[in-house]
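Please find below a colleague's note on the model, set out as numbered points. Each point takes up one part of the chain or one kind of contact.

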Amino acid sequence: MKTPFITKEKAEEIIKQYPTPFHIYDEKGIRQRARDLYKAFSWNKGFKEYFAVKATPNPFILKILKEEGCGVDCSSLTELMMSDCCGFSGSDIMFSSNVTPKADFLKARELGAYINLDDFTHIDYLDDLCGIPETICCRFNPGGHFEIETQIMDNPGEAKYGFTREQLFEGFKVLQQKGAKHFGLHAFLASNTVSNAYYPKLARILFELAVELHEKTGADIKFVNLSGGVGIAYEPDKPQNDIFAIGEGVRKAFEDIMVPAGLGDVAIFTELGRYMLAPFGHLVATCTHHKHTYKEYVGLDACACNLMRPAMYGSYHHITVLGKENAPCDHKYDVTGGLCENNDKFAIDRMLPEIDTGDIIVIHDTGAHGFSMGYNYNGKLRSAEILLHEDGSFDMIRRAETPADYFATFDFTDIFDKYTKNNK
Ligand SMILES: *Cc1c(COP(=O)(O)O)cnc(C)c1O
């Protein structure tokens, strides 16, 4: 079962002020999630979650997570700037990027962030640019397939990220020669896993490597960064990850491998995005059209520009018609947006209650990689983002784009003055 965190009445109240479509976030759920994560890893003294900013790059969301003790994981200049403006600095920031522009490394260095190098060649690139910091992290890619009990979870051998094993040993030596004193080790080997075994398995790989790196190069290992990849079940009938079982699995690996090697003080870091935010966001839209041809279509005022995952990956997102939660799902619909792209479908052949024009539609689990993957194709404008507080009050935390925003990059010419003057 997936139940929306807003009722029809609450949605109608919000829509009076902020018309659909919009993304709405549940502050209560976000805070509880962060608290559970910290509790699950409380056995590790230095544990810290660095929220992957790219999942939900909104300063109001980042501030909530900051209050819950989280740092941020950034991958670009503007994410670093946003984090800076939200009060994150130094060891609150992890900079995990790839194919990194110079300006991004310089900003990361200026903010004193932990820098996570994606590639061996980045060592000289960073050194020439601004020197190697005392603490530096490297990203590992073991190649091949990542399996849990013979089930292939993902394909690191095809992934562009990370150092090979040999590059890592050589890299640690070079970095030490260049002045690095403390090291982090990072890997992201499978995306959106719904398995309590992913982090523990990854942890074993990284812990064994950390011990070997420590013994062979003498490097002081300061942290192991398990990165993202702990996912959520988007389907309503699938079991969800159990963060306490996951934390316990990682603890077991830590005590088996790190503690006997004298590395019991090493901190565990995570860079979760999806797990932290996805369930606590909804895309709220209104049904505006019906169409009956070879199939039955319902058209919404939202489109793939507001939520790209179904179009891009064929992802399932659960849909609730507000006020019809208990009505029988006896109508088969394709739920579409208005892009001139036939993949602009939030659902295909989905069994839903009969939908009327004007019905409010909740698309679930859009809190991560939802708004942030939005785009402007067909001249569609990005929606507002709303934050629902614990007491039921709500605030706009990003306004919807206007045509003036769409034309803003033509501000060097007066062609669009008619539509951009006064931000109309
Ligand atoms: C995308 C990303 C994350 C977050 O991934 P989720 O699947 O949202 O948890 C963490 N770290 C890095 C380096 C990433 O690129």
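1. How many bridges join strand E12 to E17, and do these strands run parallel or antiparallel? Four bridges link E12 (residues 281–292) with E17, and the two run antiparallel; strands and helices here are DSSP runs numbered from the N terminus, a helix being H or I over at least four residues and a strand E over at least two, while two strands pair if DSSP finds at least two bridges between them. Within this pairing, leucine 283 stands opposite isoleucine 363 of E17.

2. Before going further, I note that this is a predicted model, in which local features need pLDDT of at least 70 and side-chain atom pairs count only at pLDDT 80 or more, whereas totals for chains, interfaces and linings use all residues. Residues are numbered from 1 along each chain as its sequence is written, and side-chain values use heavy atoms, with hydrogens and water left out.

3. Strand E17 (residues 360–363) also pairs with E14 (residues 319–321), again antiparallel, through three bridges, and here isoleucine 319 is the residue opposite isoleucine 363. Both faces of E17 are covered, with Ile360 and Val362 buried on one side and Ile361 and Ile363 buried on the other; buried means under 20% relative accessible area, exposed over 50%, and partly exposed in between, using a 1.4 Å probe and protein chains only. In a regular strand the side chains alternate between the two faces of the sheet.

4. The UniProt record, in an unreviewed entry, lists residues 279–367 as "domain: Orn/DAP/Arg decarboxylase 2 C-terminal" and residues 30–277 as "domain: Orn/DAP/Arg decarboxylase 2 N-terminal"; its positions are given in the numbering used here, feature names are shortened, and annotations may be inferred rather than shown by experiment. In the model, the span 279–367 is 6% helix and 43% strand, with its end C-alpha atoms 6 Å apart, while the span 30–277 is 41% helix and 18% strand, with its end C-alpha atoms 6 Å apart.

5. Which residues come nearest to the ligand? Of the 14 residues around the ligand (a heavy atom within 4 Å), these are Lys54, Glu271, Gly273, Arg274 and His369. Among the polar contacts (pairs of N or O atoms within 3.5 Å), a side-chain N or O atom of lysine 54 lies 2.7 Å from a ligand oxygen, a backbone N or O atom of glycine 273 lies 3.1 Å from a ligand oxygen, and a polar side-chain atom of aspartate 73 lies 3.2 Å from a ligand nitrogen.

6. Two charged side chains deserve a check against aromatic rings, where a charge sits over a ring if NZ of Lys or CZ of Arg is within 6 Å of the ring centre and within 35 degrees of the ring normal. The charged end of arginine 33 sits over the ring of tyrosine 275, 3.7 Å from its centre, and lysine 48 lies over the face of tyrosine 50 at 6.0 Å from the ring centre.

7. Some backbone geometry should be inspected by eye. Most residues other than glycine have a negative phi, and most peptide bonds are trans. The bond from threonine 20 to proline 21 is cis, with omega near 0 degrees, and proline 21 lies in the loop between helix H1 (8–17) and strand E1 (22–26). Glutamate 149, in the loop between strands E7 (146–148) and E8 (151–154), has a positive phi of about 45 degrees and counts as exposed at 73% relative accessibility. Aspartate 349, found in strand E16 (residues 345–352), has a positive phi of about 50 degrees and is partly exposed at 39%.

Technical notes. Polar contact = N/O pair within 3.5 Å; in protein donor to acceptor, adjacent residues only side chain to side chain.
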